[in-house]
Amino acid sequence: MYAVVSTGGKQYRLTKGAVVDVERVSGEVGDQVVFDQVLFLGGDDDQAVGGPTVKGARVLGTIVEQGKGDKVVVFKYKKRKMYRRRTGHRQLLTRVRVEEIQSGGSSAPPPAQKAERKSKAKAGAPSKPTPSAETAAAPVEESQKKTESAEE
């Protein structure tokens, strides 16, 4: 079984026992981490697609290490202007070992329920409500009263 989770603005495909580097997660080495934003659960026989997340599903992991990623060099240069800037960046990362993937059920309704929803939507009331005769006539009567009082 595997899960696709979203953390730190990125998506990761996780399996049980995998060790993955994610954006910095608060905690100490040995602490447990819970990833609640499970977007997809897949396995040998069934799949669950979230809309946007799978309800009740979560991934449990343990923090193995807190560290930094590789250095990225940023070099800005403009020819013939003597402009050069060199900076670097090291992203803060957390190494996590996946301990367990818990599935809480699928958030997508079965196909039969989808068909019922579509038929109800088509058979229901029109999308734009039409004003009743009383509400449509009320503003006209008020404007007629104003014009009659102005004529007198």
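In the predicted model, Val 5 is in contact with Lys 10, Gln 11, Tyr 12, Leu 14, Phe 35, Gln 37, Val 38 and Val 59, when residues up to four places away in sequence are left out. Val 5 also belongs to the largest nonpolar core, which has 19 residues. The residues with the most contacts inside this core are Ala 3, Val 5, Leu 14, Phe 35, Val 38, Leu 41 and Val 59. At least two core residues come from each of β1 (2-7), β2, β3, β4 (32-35), β5 (38-42), β7 and β8. Strand β8 supplies the largest share, three residues.

Leu 14, another member of this core, is placed in strand β2. Its relative accessibility is 2%, and Leu 14 therefore counts as buried. Beyond neighbours within four places in sequence, the contacts of Leu 14 are Met 1, Tyr 2, Ala 3, Val 5, Val 20, Phe 35, Val 59, Val 98 and Ile 101. Among these partners, Ile 101 is 87 residues from Leu 14 along the chain, while the two C-alpha atoms are separated by 8.7 Å.

The protein chain as a whole contains two helices and eight strands. Their order from the N terminus is β-β-β-β-β-β-β-β-α-α. The protein chain has 152 residues, of which 20% count as buried. When contacts between residues at least 6 apart in sequence are considered, 65% of them join residues at least 24 apart. The exposed area of the protein chain is about 11600 Å², and 50% of this area is supplied by carbon and sulfur atoms.

Three salt bridges are found in a search of the whole structure. One of them joins the side chains of Glu 23 and Lys 10, with an N to O distance of 2.7 Å. This pair links distant parts of the chain, since Glu 23 lies in strand β3 (residues 19-23) and Lys 10 in strand β2 (residues 10-15), 13 residues apart. The two partners fall into separate accessibility classes: Glu 23 counts as buried at 16% relative accessibility, whereas Lys 10 counts as partly exposed at 39%. Lys 10 is also among the residues that Val 5 touches.

A salt bridge is also formed by Asp 21 and Arg 95, whose closest N and O atoms are 2.8 Å apart. Here the link runs between strand β3, which holds Asp 21, and strand β8, which holds Arg 95, across 74 residues of the chain. Asp 21 is partly exposed, at 31% relative accessibility, and Arg 95 is partly exposed with a relative accessible area of 32%. Arg 95 further meets Glu 65 in a salt bridge between side chains, at 3.3 Å from N to O. Because Arg 95 lies in strand β8 and Glu 65 in strand β7, this pair ties together parts that are 30 residues apart in sequence. Glu 65 counts as partly exposed, with a relative accessibility of 39%. Through shared partners, the salt bridges join Asp 21, Glu 65 and Arg 95 into one network.

Thr 94 is located in strand β8 (residues 83-102). With a relative accessible area of 0%, Thr 94 is buried. Its side chain reaches the backbone nitrogen of Val 25 at a distance of 3.0 Å. Not counting residues up to four places away in sequence, Thr 94 touches Val 20, Asp 21, Val 22, Glu 23, Arg 24, Val 25, Ile 63, Glu 65 and Gln 66. Several of these partners also take part in salt bridges: Asp 21 pairs with Arg 95, Glu 23 with Lys 10, and Glu 65 with Arg 95.

On the surface, Val 73, Phe 75 and Tyr 77 form a nonpolar patch with about 320 Å² of accessible area together. Within this patch, Tyr 77 belongs to strand β7 (residues 58-78) and counts as partly exposed at 47% relative accessibility. Strand β7 also holds Glu 65 of the salt-bridge pair with Arg 95, and supplies at least two residues of the largest nonpolar core.

Note on methods. Residues are numbered from 1 along each chain as its sequence is written. This is a predicted model: local features need pLDDT of at least 70, side-chain atom pairs count only at pLDDT 80 or more; totals for chains, interfaces and linings use all residues. Side-chain values use heavy atoms; hydrogens and water are left out. Helices (H or I, at least four residues) and strands (E, at least two) are DSSP runs, numbered from the N terminus. Buried means under 20% relative accessible area, exposed over 50%, partly exposed in between (1.4 Å probe, protein chains only). A polar contact is a pair of N or O atoms within 3.5 Å; within protein, one must be able to donate a hydrogen and the other to accept it, and residues adjacent in sequence count only if both atoms are side-chain atoms. Contact means heavy atoms within 4.5 Å. Patches are made of residues with over 30% relative accessible area and no salt bridge: like charges are joined within 9 Å, nonpolar side chains (Val, Leu, Ile, Met, Phe, Trp, Tyr) within 5 Å. Accessible areas come from the Shrake-Rupley method with a 1.4 Å probe; for residues, only the protein chains shown count as cover. A salt bridge is a side-chain nitrogen of Lys or Arg within 4 Å of a carboxyl oxygen of Asp or Glu. A nonpolar core is a set of buried Ala, Val, Leu, Ile, Met, Phe, Trp, Tyr and Cys residues joined through side-chain atoms within 4.5 Å.
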